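Dear colleague,

I am passing on the structure below, together with some notes on what was found in it. Please read the notes with the structure open beside you.

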Amino acid sequence: MAVLETQELTYTYSEGSPFEKTAVDHVNLRIEEGEIVGVMGHTGSGKSTLIQHFNGLLKPTSGKVLLDGKDIWENKEKIRDVRFKVGLVFQYPEYQIFEETVYKDIAFGCKNMGLDDAEIKRRVFETAHDIGIREELLQRSPFELSGGQKRRVAIAGVMAMNPEILILDEPTAGLDPAGRDKIINHIKNYHNKTKNTVLIVSHSMEDVAGFADKILVMNKSKLFCYDDTKKVFGRSEEISEIGLDVPQITKVFTQLKKQGLDFGKEVYTVGYAKDLLIKNLRERSI
Amino acid sequence: MLKDITIGQFFPGNSIIHRLDPRFKIVITLIYIMMLFTGSGVSSLAVGAAFTVISVFLSKIPFKMFAKSIKPLLPFLLVTAVINLFLVDSGELYFKWKFIKITEGGVNISVFMVIRIILLITGSSLLTYTTSPITLTDATERLLSPLKKLKFPVHELAMMMSIALRFIPTLIEETDKIISAQKARGAEIDTGSFTTRAKNMVAVLVPLFISSFRRADELATAMECRCYNGGEGRTRLRQLKSSPKDYTALAITIIFYITALITAHLLKS
């Protein structure tokens, strides 16, 4: 069963005013349990608006969001429970940090869930360990940390709530390559360990190509495509046309194909490209 | 929620009101406020209302926007009305119960007060709706420039004002974002009991202050990078020039003001 589903989801900002704008336009999609989904799209394509519907921060103008088959807006009072099930990490989440210590900030979400102190402590230590925050940092002020560390603290705060679905909006924006790789690895490990569904918003194909099962592309408020990573990159030319960048290695192989060297497969990670080339070279040398 | 705050917002347009010299617009608004508060009685208020309606109509800004700017002040209006209604004791007695009294004077004053405040908000919103914050502060600086002779820091004040105005929408957006982020972590901000909400405001205010200080720092650096060193010898991209239509507008306003004064005087006598 789909863990998350939308039916004709539509959202219009400032309805009826001169600034009216439809940010999400009749979107239908089903996200299966345990998948990693890359959400891509241009700035202003509606991807951030879309994901804010998944945990009930925005209420659809029309259409429905179903979590485990149930309309999340069926009971308004229960919308907070939806937020515990669907954890959302915003863009630049380090700007939401406010507690005196790293420990307290990671614990904030768990506390709101009403967990007991022992459980909160267990979760904070476990998440901090998993995301690479050393124990001695937990009693420090979060404002003394580096940018990358702060970001990891903020992400840990949502991970500690152990949501069924974890959504991260541009988790690597503004980080250096080392910090980016670290965060991506931590997210991968989190997924391997918990098997929870993970959605990652990004406008860099490079980021998500390597590990997303499926890719969802938004374009001009509409769902452009939502399919297996392989199939989506099979349409790399269309994707380039709507102004999204495909991974460099895909570009190389598209160009090779144009020049008559067709491998018959979609290539979107460097590792896979290496294996493919070596295999082909061996076959030829035999 | 916070998006509904429209104070200080600017709606670009090309109406006659938009095109007036901002210095004249400020002076006109001041005369308008005097018109609302010096004249007493129905007649001067009616003249003020007529002036407001005509200006709003000329500005081509949807009426809804004005309703929106009044909405957040409704509780304040209500309190003003109630206090005046019960505390003013003059004229014919309408109703009495123990120590509560409602008199003719009370009813009059509370109704007038509410209408006056609504007109005041509408009029001053019109100024900010039709004038971009930058031209507005430019105009203030020019209008206050005689005070420079008294060593009054006119330029600095205008600069602070324009920065403050410029950052209102940014701060609102930021607040919205932080509220969403904390809600995503299960904080009860617009639900829950008063005490939990108050406690959770900390989770909003701390990040907001931190980001404001960061912004202030960045802005100061950016200004220094562009060799900003105060108002001395600074030239302007947009020179303010007055034209006949500005004088006409001012003249019309003064006529309205005088009419309000005369009608009030005639009705009294």
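Chain A is divided into domain 1 (2-229) and domain 2 (247-286), with bounds that come from an automatic or database domain assignment. The C-alpha centres of these two domains of chain A lie 34 Å apart.

Please keep in mind that this is a predicted model, in which local features need pLDDT of at least 70 and side-chain atom pairs count only at pLDDT 80 or more, while totals for chains, interfaces and linings use all residues. Residues are numbered from 1 along each chain as its sequence is written, and chains are lettered from A and ligands numbered from 1 in the order in which they are written.

Chain A holds an open sheet of six strands with mixed pairing, in the order E6-E7-E8-E3-E9-E10; here helices (H or I, at least four residues) and strands (E, at least two) are DSSP runs, numbered from the N terminus, and two strands pair if DSSP finds at least two bridges between them. Strand E6 (86-89) and strand E10 (222-228) of chain A are the edge strands, each pairing on one side only. From one strand to the next, the twist averages 15°, where axes are lines fitted to C-alpha atoms, for helices over the stretch in contact, and angles run from 0 to 180 degrees between N-to-C directions. Strand E9 (residues 214-219) of chain A pairs with E10(A) in the antiparallel sense over six bridges, and Lys214(A) has Asp228(A) in E10(A) as its bridge partner.

Helix H6 (residues 177-194) of chain A has 18 residues, which at 1.5 Å a residue should span 26 Å, and its end C-alpha atoms are indeed 26 Å apart (the expected span is 1.5 Å times one less than the number of residues). Within H6(A), Ile183(A), His186(A) and Ile187(A) are buried, meaning that 20 or more other C-beta atoms, placed from the backbone, lie within 10 Å of a residue's own, whereas exposed means 12 or fewer and partly exposed lies in between. These three buried residues cover an arc of only 100° around the axis, so they are on the same side of H6(A); the arc is that of the directions from the helix axis to the C-beta atoms. The face turned away from the buried side of H6(A) carries the exposed residues Pro177(A), Ala178(A) and Asn192(A). After H6(A) comes Lys195(A), whose phi is positive, near 60°.

With regards
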